Structure formats: structure tokens, C-alpha cells
Amino acid sequence: MTTTKKPTTKSKTSSPKLPKNPFIFEVLELVSKQRSKAKKIEILKQYEDISLKTILLWNFDESIISELPEGEVPYSGFEDQVASKGTLSTKISEETRRMHDTGSFSMGTSDKEGKTTIRREYKNFYHFVKGGNPAMSKIRRETMFINVLEGLHPFEAEILCLVKDKKLSEKYKITKELVSEAYPDIKWGGRS
């Protein structure tokens with residue numbers, strides 16, 4: 001008796017798809033989940049956006065110096081002033097828990113609760129780095145930063161807090177070398 005083998009077809013696995021104009025945290029999480037360097041670069045190229053590049057530059061370019069204090073960001077929203085105060089990390093944890101409880105995982109650029117995104121706010125980030133707006137007072141800069149954070153989706157706010165301290169790699173599996181390969185047009189250094 002003879003048996004014939006069926007020809008095996010290897011299908012190239014495609015990258016998981018994100019919604020149009022995804023949140024930056026969605027892109028970074030997808031990159032982090034990839035096992036190969038080539039896949040990580042593919043995802044970065046696929047979702048290339050000026051706001052993503054801005055975040056990655058701020059985090060990895062040593063010549064970009066934050067004009068914000070390092071460490072936890074003090075947070076005190078209007079409702080919190082009456083009840084309690086906490087750090088932004090606490091508030092993000094509470095917001096995330098609330099998202100899980102209500103099942104309102106807003107992905108993409110639309111958010112049921114009216115939160116904004118890094119994609120929409122990145123044009124204001126120059127205020128937070130050395131040389132961006134030297135006339136702005138320290139108090140005004142920090143207040144503006146907190147206002148931006150309060151308006152962002154909680155996961156986006158967390159990214160901004162990590163980036164200001166150049167700690168994005170502590171949460172996401174991404175490196176300067178990876179970014180350099182994905183975006184060869186980025187010129188590093190000489191920014192402040």
C-alpha cells in the first residue's frame with residue numbers, strides 16, 4: 001500500500017491587527033509581545049506615526065532632557081481634592097480597575113469617557129523638554145503636564161510618565177537599537 005503525503009503549505013503568519021490610529025500603548029504592547037527582533041521592527045514600521053516617534057525619541061535620545069521633576073507625579077483631580085489625594089500611578093490603577101469593572105476597554109482613538117491620546121497631544125510635548133519653551137515657568141510647565149496626564153487615557157498617561165524619566169524599557173520590551181533599525185530616518189543627538 002502506498003501513501004501519498006499531502007504537500008504542506010507554510011503560510012506566513014501575519015501580524016495581529018490593531019484598529020486604525022491605535023493608542024501608543026497598544027502599539028508598544030504589541031511590539032513587546034513579539035519574540036523576534038524582525039517582528040518587533042515590522043510592527044514598529046506598520047504603525048509608524050509621528051507621535052510614536054516623538055515618544056521614542058524623548059525616551060531614548062540622551063540629548064533630550066526633561067524639564068520635569070523625576071519620579072512620581074503628584075496627582076490631585078478636582079473630585080480628589082474633596083475626598084483624597086494620591087499619585088498618578090494610584091489613579092491609573094483605579095481607572096484601569098474601573099475599566100475592567102465596566103467593561104469599557106476603549107481601543108483606537110475613540111474613548112467613551114472622552115479621554116484623549118498621545119497621538120493628539122504630542123504636539124504639546126516640546127513644553128516639557130529643555131529648550132522647548134524656556135520662557136515657561138516651572139510651575140506652569142508642571143501644571144500643564146498634570147493637565148495633559150489627566151486628559152489622557154490612563155495607559156497613555158503611564159507611558160508619558162515613563163518617558164519623562166526615560167524608563168519606557170522597564171515596562172515595554174523595546175530598545176534604542178530596535179527603534180534605530182525600524183526608523184533609520186531618526187537622527188539621534190544634538191537636540192538640547
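Visitor: Which residue forms a salt bridge with K171?
Guide: In this predicted model, K171 sits in the loop between α8 and α9, while its partner belongs to helix α8, 13 residues apart in the chain. The closest N and O atoms of the pair are 3.3 Å apart, within the 4 Å allowed for a salt bridge. The partner is E158.

Visitor: Is E158 buried, partly exposed or exposed, and what is its relative accessible area?
Guide: Buried would need a value under 20%, and exposed one over 50%. K171, on the other side of the salt bridge, is partly exposed at 41%. E158 falls in the partly exposed class too, with a relative accessible area of 22%.

Visitor: Which residue meets R119 in a salt bridge?
Guide: The two side chains come together at 2.8 Å, N to O. R119 and D49 link distant parts of the chain, with R119 in helix α6 and D49 in the loop between α2 and α3, 70 residues apart. Both residues are buried. The partner of R119 is D49.

Visitor: How far apart are the closest N and O atoms of K53 and E48?
Guide: Let's look at the surroundings of the two residues before the distance. K53 has 9% relative accessibility and therefore counts as buried, whereas E48, at 42%, counts as partly exposed. Side chains of opposite charge can pair when their charged atoms come close. For K53 and E48, the closest N and O atoms are 2.7 Å apart.

Visitor: Which residue is linked with E48 and K53 in a network of salt bridges?
Guide: A search of the whole structure finds 9 salt bridges, and the one between K53 and E48 is a good place to start. The network that holds E48 and K53 also takes in D185.

Visitor: Why is helix α3 described as largely enclosed by the rest of the structure, and how many of its residues are buried?
Guide: Helix α3 covers residues 50-60, and its burial can be followed residue by residue. Among the buried ones are L52, I55, L56, L57, W58 and F60, along with K53. The buried residues pack against several helices, including α1 (24-33), α2 (37-46), α7 (138-151) and α8 (154-164). The helix is largely enclosed because the buried residues number 9 of the 11.

Visitor: At what angle do α7 and α8 pack?
Guide: Two packed helices are described by the angle between their axes and the distance between the axes. Here, F145, V148 and L149 in α7 meet A157, L160, C161 and K164 in α8. The residues of this contact divide into 6 nonpolar, no polar and 1 charged. The axes of α7 and α8 lie 8 Å apart, and the angle is about 145°.

Visitor: Which residue's backbone oxygen does the side chain of Q34 reach?
Guide: Q34 lies in the loop between α1 and α2. With a relative accessible area of 11%, Q34 is under the 20% limit and so counts as buried. Its side chain makes a polar contact at 3.0 Å with the backbone oxygen of L30.

Visitor: How many contacts does the stretch of residues 77-85 have beyond near neighbours in sequence?
Guide: The protein averages a pLDDT of 81, and 71% of the residues score at least 70. Over residues 77-85, though, the pLDDT is below 50. Residues 104-111 also stay under 50, and the model has 23 contacts for them beyond four places in sequence. For residues 77-85, the number of contacts is 6.

Terms used. Residues numbered from 1 in each chain as written. Predicted model: local features only at pLDDT ≥ 70, side-chain atom pairs only at ≥ 80, totals over all residues. Heavy atoms only, no water. Buried < 20%, exposed > 50% of the residue type's maximum accessible area, 1.4 Å probe, protein only. Helix = DSSP H or I, 4+ residues; strand = E, 2+ residues; numbered from the N terminus. Contact = heavy atoms within 4.5 Å. Axes fitted to C-alpha atoms, helices over the stretch in contact; angles between N-to-C directions. Nonpolar A, V, L, I, M, F, W, Y, C, P; charged D, E, K, R; others polar. Polar contact = N/O pair within 3.5 Å; in protein donor to acceptor, adjacent residues only side chain to side chain. pLDDT = per-residue confidence, 0-100.
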